[in-house]
Amino acid sequence: MRRFSILNAPKHVLLWIYALVSLSPLMIMVLNSFRTTQQMARDPLGLPESFNLVSYQKAWITASFETYFFNSMFVTITSVFIGTSVSLLAAYVFARSKRRIFALLEGLFLSGLLLPVFLAILPLFYLFDALGLISNLWGLIAVYSALSIPFSSFILAAFFRQLPIELEEAARIDGAGYFRTFFSILLPLVRPAIATVVVFRFVPIWNDFFYPLMLMRDRASYTLPVGLTRFFGEYQTDWATLFAGLTITTIPLVILFLVASKQLVSGLTAGMSK
Amino acid sequence: MKTKRKLHGQMPVLIGTAFVMPALILFAVFILYPLTTALSYSFFSWKGTLRGEFTGLENYVTVFTRAPFDEALPNAFSHNLLLFAGAMIFQNSIGLFLAVVLHKIGRMKRLFQTMFTLPYLVSPLVVGYLWSLMLSPLFGPVNATLKAIGLDELALPWLGDPTTAIWAIVFITAWQWIGFPMLLYGAALGGIPEEVSEAAEIDGADGVKKFRLITFPLLLPAIGTVSILTFIGAMESFPIPYAVGGSTGSPAGATDVMALLFYRTAFESGDVGSIGTSSALAMLLFLFIFGVAVVLRTSLARAEKKVYG
């Protein structure tokens, strides 16, 4: 066993070198957001001289990041909530009913994991146009909720299947109906799976820029990533503000990662072995 | 007796239907309907948003033979293939290497995994913009670092030069995705029983031989999954090229990819027939991704069967 610990020294050096590769761009992003553009031009690798928040102020107020940020929050939280709720209901049926029709439906939802659904953007655009949903955040929420169904119903159905059926039967004998059993017996039991699904869907929805780029045409309806594309055109030379904008977009995910890295990793491996 | 049978029997179909209905409606309206409609769009001629007559495969012929598609399509498609090859060669092998190094490293494993996976969480658009600033020839930190350690000849305008720009995108994508193969390979390595590994050592297998004969075959399912997901990711690549080279794939189309070409055709071309041609492009990409993913999956299942008997 001792042999291994000596062998481990070069391994650790290697791992720390890669950790530097992995993290330094993100650290530079945060550090540079506290510097001025002049400081960066003078000394590209320097550290902040003071805790300067001017560029945050500029990004948040002048460049409308306040609007983008709250749009992103509203869209992401609402979509995750709706997507998870409808998937929970469907997953319960998939796990507890043996009817062929529901098995077929589960297969249909699952196929959404492999299909490049973003390619259907054009008909979606005209559908939005017909329904008056262009530049409407609720339209975006509907799309993200629908896109959440394949992954979420897959994970939740797998979890429901592991639960012993006796609990539900006991509740039913005591006179509880299907809805009551579902809400008061099952929901508390599937909490770990709900946590995985919520955390794991939050990330791609928060980060997505494809759908809002096409469907949100009005500045007031931009989410953070699509706001960034405008911002990068307009503030091209104002590096300090650019770095602040990138940091604002990233911070919520870093916080999420620190609180819920367990759920993220389990979602990642579950999503990959689908 | 009656109640007991009811309890063990089926959930009433009415209740089941009520429970799946909200998900089904959302899925049908926002995924299924647009997907099937996109297919039909590609078979008609278009004048703006007015649908003309059924023209069969004419839009498909157009995207292969007429300008600008006759040049843009092979150009963009070759870049997608290059992104896939680059990811397989660099990203996934480094990911495997890191997973092997991390295996049995002890307490620190979790910390390293967290640090290596962090870029994966960041929006790919942010990653693209961040690296375009990092690699800026003016005062980008990367070239400043290269100059500081005496590698001045490497301080090049990486994103401005058509020959290096696409490789920069391979690198940026790999930087973001590396945690993905690492975690999956890590999980697969953790699943290899200790006894198998020890038995091989007792039989006199050295490190390399052990990896080739024991570890590698047992990693095969994970390698398959990683390859398929890398393929899909490379074919769908959009935010990083968009952030780095804009919607035209600058410099000079050197970073153009299929999704960008589709986006330009659908939303920026101003061509009256663009709905038909962009739908044809979308369907071609769709069929290619789905077809290759299915073929890869079946051949992998066969290969696994061969290995495991």
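**Helices, loops and the chain contact**

Colleague: Where in chain B is Pro68(B) found?

Modeller: In this predicted model, Pro68(B) sits in the loop between α3 (58-65) and α4 of chain B.

Colleague: And which form does the peptide bond from Ala67(B) to Pro68(B) take, cis or trans?

Modeller: That bond is cis, with omega near 0 degrees. A cis peptide bond also joins Ser250(B) and Pro251(B), where omega is about 5 degrees. Pro251(B) is placed in the loop between α12 (239-245) and α13 (258-268) of chain B.

Colleague: What is the sign of phi at Ala252(B)?

Modeller: Phi of Ala252(B) is positive, near 50 degrees, in a residue other than glycine. Ala252(B) belongs to the loop between α12 and α13 of chain B.

Colleague: Is Ala252(B) buried or exposed?

Modeller: Ala252(B) counts as exposed, because it has 12 C-beta neighbours inside 10 Å, and a residue with 12 or fewer is placed in that class.

Colleague: Turning to chain A, where is Ser135(A) found?

Modeller: Ser135(A) is in the loop between α6 (121-131) and α7 (137-162) of chain A. Its phi is positive, about 65 degrees, although Ser135(A) is not a glycine. With 17 C-beta neighbours inside 10 Å, Ser135(A) is classed as partly exposed.

Colleague: Back to helix α4 of chain B: at what angle do α4(B) and α11(B) pack?

Modeller: The angle is about 140 degrees, and the axes are 8 Å apart. The two helices are therefore oblique to each other, since angles over 145 degrees would be needed for roughly antiparallel. The crossing of α4(B) past α11(B) is right-handed.

Colleague: Which residues make that contact?

Modeller: From α4(B) they are Asn80(B), Leu83(B), Phe84(B), Ala87(B), Met88(B) and Asn92(B). From α11(B) they are Val226(B), Ser227(B), Thr230(B), Phe231(B), Ala234(B) and Met235(B). By class, the contact of α4(B) with α11(B) has eight nonpolar, four polar and no charged residues.

Colleague: What about Leu229(B) in α11 of chain B: buried or exposed?

Modeller: Leu229(B) is buried, because it has 20 C-beta neighbours inside 10 Å. The C-alpha atoms of Leu229(B) and Phe180(B) are separated by 9.7 Å, with their positions 49 residues apart along the chain.

Colleague: How many residues of helix α6 of chain B are buried?

Modeller: In α6(B), residues 124-134, 11 of the 11 are buried, so the helix is largely enclosed by the rest of the structure. Among them are Tyr129(B), Trp131(B) and Met134(B).

Colleague: And how many in α10(A)?

Modeller: There, 12 of the 17 residues are buried, so α10(A) is also largely enclosed by the rest of the structure. The buried residues include Arg201(A), Trp206(A) and Asn207(A). Helix α10 of chain A covers residues 191-207; at 1.5 Å a residue it should span 24 Å, and its end C-alpha atoms are 25 Å apart, which agrees.

Colleague: How many residues does each chain bring to the contact between chain A and chain B?

Modeller: Chain B gives 65 residues and chain A gives 71 residues. On the side of chain B, the largest share, 17 residues, comes from helix α2 (residues 13-41). That side divides into 54 nonpolar, 10 polar and one charged residue.

Colleague: Which residues does Phe210(A) touch, not counting residues up to four places away in sequence?

Modeller: Phe210(A) touches Phe118(A) and Phe238(B). Phe210(A) lies in helix α11 (residues 210-215) of chain A, and with 18 C-beta neighbours inside 10 Å it counts as partly exposed.

Technical notes
Residues are numbered from 1 along each chain as its sequence is written. Chains are lettered from A and ligands numbered from 1 in the order in which they are written. This is a predicted model: local features need pLDDT of at least 70, side-chain atom pairs count only at pLDDT 80 or more; totals for chains, interfaces and linings use all residues. Helices (H or I, at least four residues) and strands (E, at least two) are DSSP runs, numbered from the N terminus. Two residues are in contact if their C-beta atoms, placed from the backbone, lie within 7 Å. Ala, Val, Leu, Ile, Met, Phe, Trp, Tyr, Cys and Pro count as nonpolar, Asp, Glu, Lys and Arg as charged, and the others, Gly among them, as polar. The expected span of a helix is 1.5 Å times one less than its number of residues. Axes are lines fitted to C-alpha atoms, for helices over the stretch in contact, and angles run from 0 to 180 degrees between N-to-C directions. Angles under 35 degrees count as roughly parallel, over 145 as roughly antiparallel, 65 to 115 as roughly perpendicular and the rest as oblique. A crossing is left-handed if the near helix is turned anticlockwise from the far one by less than a right angle, and right-handed if clockwise.
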